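Thanks for coming. I will go through one model today, starting with the sheet and then turning to the pockets.

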Amino acid sequence: MRKVIKVVVTGLFILVFSGICSADDFTFRKTKWGMTPAEVKASEPLEIAKEDEGLLGYKTSVIGKDVFVAYFFIDNQLTRARYVLAESHSNKSDFISDYKDFKKILIKKYGNPVKDESFWKNDLYKDVYSDWGTAISLGHLVYFSTWSTSDTEISNILMGENYDISCIVEYSSKNLKEIEKKAQDKKALEAF
């Protein structure tokens, strides 16, 4: 009888523990919003590539692409995280493929985006598809798509300026948005 009770209790413990630690509980990688830098360090198996006040950074690869993983903290609470593509291409239009690859995996995980747009700030290259990468690098063309979960906003962005292109997948906490706004306002006021 004791063996049966022990097996049942052990089984319940495993079931409850796996429910507590399921992948659905995490908001970005193996982290949750509000974690401290120490908790994020403990959850991230990679070697730290950059550490500043309010920032932890790591290098890794996702879906076969080299990325920089950045965690952002306000008042020692994780409020935002992102993947920044760390690859370069001789053909700038290849960044469009990277953006679309990220978008495909995000659709697979979160469903169709709430917003899925591209817009032209300057249509100089609009009629020449082979030059769209150049258009992005000049800031003429921007791609973005967004998703929303109960506690997280997710953005996939492809943009550029001065011939540099950024492809970013960013996760931000909905519940800690006010903390970020207050910190931004404080920083702006200190400039005056």
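Strand 5 and strand 6, residues 141–148, pair in the antiparallel sense, and 6 bridges hold that pairing in this predicted model. To place yourselves on the strands, take Ser118: its bridge partner in strand 6 is Tyr143.

Now the whole sheet. It is open and has 8 strands, in the order 1-2-3-4-8-7-6-5, with antiparallel pairing. Strand 1 and strand 5, residues 115–120, are the edge strands, each pairing on one side only. On average, neighbouring strands are turned by 20° against each other, direction ignored.

Which helix packs on this sheet? That is helix 3, and it touches strand 2, strand 3, strand 4, strand 5, strand 6, strand 7 and strand 8. The direction of helix 3 makes about 175° with that of strand 7.

At the other edge, strand 1, residues 48–52, runs antiparallel to strand 2, residues 55–62, and 4 bridges join them. Ile48 has Tyr58 in strand 2 as its bridge partner. These two strands form a hairpin with 2 residues between them, and Gly54 in the turn has a positive phi of about 85°.

Gly54 comes up again in the pockets. The largest pocket has a volume of about 660 Å³. Its lining is made of 23 residues, and those nearest the centre are Gly54, Phe73, Ile74, Asp75 and Ala183. Two or more lining residues come from each of helix 2 (37–43), strand 1, strand 2, strand 3 (65–74), strand 4 (77–85) and helix 5 (177–190). Which element gives the most to this lining? Helix 5 does, with 8 residues. By class, the lining of the largest pocket has 11 charged, 8 nonpolar and 4 polar residues.

Next, the second largest pocket, which holds about 560 Å³ of space. It is lined by 22 residues, with Thr27, Arg29, Lys109, Tyr110 and Tyr171 closest to its centre. Helix 3 (94–110), strand 7 (152–161) and strand 8 (164–173) each supply at least two residues of this lining. Helix 3, the helix that packs on the sheet, gives the most here, with 5 residues. The class count for the second largest pocket is 13 nonpolar, 6 charged and 3 polar residues.

To put the two linings side by side: the largest pocket has 8 nonpolar and 11 charged residues, and the second largest has 13 nonpolar and 6 charged. That is what I have for today.

Technical notes
Residues numbered from 1 in each chain as written. Predicted model: local features only at pLDDT ≥ 70, side-chain atom pairs only at ≥ 80, totals over all residues. Heavy atoms only, no water. Pairing = 2+ DSSP bridges. Helix = DSSP H or I, 4+ residues; strand = E, 2+ residues; numbered from the N terminus. 1 Å grid on protein atoms, 1.4 Å probe; cavity = no way out; pocket = protein on both sides within 12 Å on 5 of 7 lines; lining within 4 Å. Points joined across faces, edges and corners; volume = space filled by probe spheres on them. Nonpolar A, V, L, I, M, F, W, Y, C, P; charged D, E, K, R; others polar. Axes fitted to C-alpha atoms, helices over the stretch in contact; angles between N-to-C directions. Contact = heavy atoms within 4.5 Å.
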